[in-house]
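User: I should like a close look at one part of this protein, namely its aromatic pair and whatever surrounds it. Please treat the matter in one connected account.

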Amino acid sequence: MDDRNHLLALAERCEASSKPDRGLDADIYEALGFTVRRKPTRFATRRSPAGGIYQQGSLWKSLGAVTGDIDTAVTLLREKAPGWSWSLQCLVSDDSLAFQALVAECSGQGVMGSLALCAAMLRALARRTGEPGEQP
């Protein structure tokens with residue numbers, strides 16, 4: 001699977017998710033170019049952190065809950081696409097997801113604002129990856 005299709009698949013997973021997902025968090029960070037350290041599943045408990053991301057030389061920092069925390073999602077968006085416009089709105093309707101996000105003219109939906117923002121960001125990055133001469 002190429003980078004563009006991988007980003008689009010992650011966006012679909014965000015929209016299909018009914019709650020924050022630490023595995024999806026790690027997959028998003030990896031797709032955005034971070035080195036992710038995952039804890040072995042045999043040692044994981046409910047209290048075990050999902051691992052970490054490698055940044056700035058030898059610094060490991062805890063893996064942010066990008067699918068569960070809107071502040072983390074916004075921080076990641078600002079880091080990976082500074083200057084991009086984005087918006088998030090909450091909708092009240094029985095037949096649609098609760099949140100819709102728009103990032104650089106790409107939309108995403110989700111049951112939580114962070115999931116909708118992640119979906120829209122991943123679609124926008126996939127579109128940028130598909131343009132000639134652009135790097136994610």
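User: Are both Y29 and F34 buried or exposed?

Analyst: Both residues, Y29 and F34, are buried. The model is a predicted one, and confidence is therefore a suitable place to begin, since pLDDT expresses the predictor's confidence in each residue on a scale from 0 to 100. The protein chain has an average pLDDT of 82, and 74% of its residues score at least 70. Among the elements of the chain, helix 1 (residues 3–16) has the highest mean pLDDT, at 95. Strand 2 (residues 51–55) has the lowest, at 55.

The aromatic pair itself comes next. A pair of aromatic rings is described by the distance of the centres and the angle of the planes. The count of aromatic pairs comes to 1, and that pair consists of Y29 and F34. Their ring centres are 5.2 Å apart, and their planes stand at 70 degrees to each other. The arrangement is classed as edge-to-face because the angle between the planes is over 60 degrees. F34 has a further partner: the charged end of K80 sits over its ring, at 4.7 Å from the ring centre.

Helix 2 (residues 22–31) contains D25. Is D25 buried or exposed? With a relative accessible area of 1%, D25 is buried, because the limit for that class is under 20%. The side chain of D25 makes a polar contact with the side chain of R22, at 3.0 Å.

Helix 3 (residues 70–80) offers two further residues for inspection. T75 has its place in this helix, and the side chain of T75 reaches the backbone oxygen of D71 at 2.8 Å. Between T75 and G64 there are 9.9 Å from C-alpha to C-alpha, with a separation of 11 residues in sequence. I70 also lies in helix 3. Its relative accessibility is 31%, so I70 counts as partly exposed. I70 and G113 are 43 residues apart in sequence, yet their C-alpha atoms are 6.4 Å apart in space.

The sheet completes the account. Three strands form an open sheet in the order 4-5-6, with antiparallel pairing. Strand 4 (86–90) and strand 6 (106–110) are its edge strands, each of them pairing on one side only. From one strand to the next, the twist averages 15 degrees. In a regular strand the side chains alternate between the two faces of the sheet.

Strand 4 and strand 5 (residues 99–103) run antiparallel and are joined by 5 bridges. Within this pairing, S87 stands opposite L102 of strand 5, and L88 has A101 of strand 5 as its bridge partner. Strand 5 and strand 6 likewise run antiparallel, and 5 bridges join them. Here V103 stands opposite C106 in strand 6. The hairpin of strand 5 and strand 6 has 2 residues between the strands, and in this hairpin A104 takes a positive phi near 45 degrees.

To return to the request, the part in question comprises the buried residues Y29 and F34, whose rings meet edge-to-face, together with K80, whose charged end sits over the ring of F34.

Key: Residues are numbered from 1 along each chain as its sequence is written. This is a predicted model: local features need pLDDT of at least 70, side-chain atom pairs count only at pLDDT 80 or more; totals for chains, interfaces and linings use all residues. Side-chain values use heavy atoms; hydrogens and water are left out. Helices (H or I, at least four residues) and strands (E, at least two) are DSSP runs, numbered from the N terminus. Rings of Phe, Tyr and Trp (its six-membered ring) pair if their centres lie within 6.5 Å; planes under 30 degrees apart count as stacked, over 60 as edge-to-face and the rest as tilted. Buried means under 20% relative accessible area, exposed over 50%, partly exposed in between (1.4 Å probe, protein chains only). A charge sits over a ring if NZ of Lys or CZ of Arg is within 6 Å of the ring centre and within 35 degrees of the ring normal. A polar contact is a pair of N or O atoms within 3.5 Å; within protein, one must be able to donate a hydrogen and the other to accept it, and residues adjacent in sequence count only if both atoms are side-chain atoms. Two strands pair if DSSP finds at least two bridges between them. Axes are lines fitted to C-alpha atoms, for helices over the stretch in contact, and angles run from 0 to 180 degrees between N-to-C directions.
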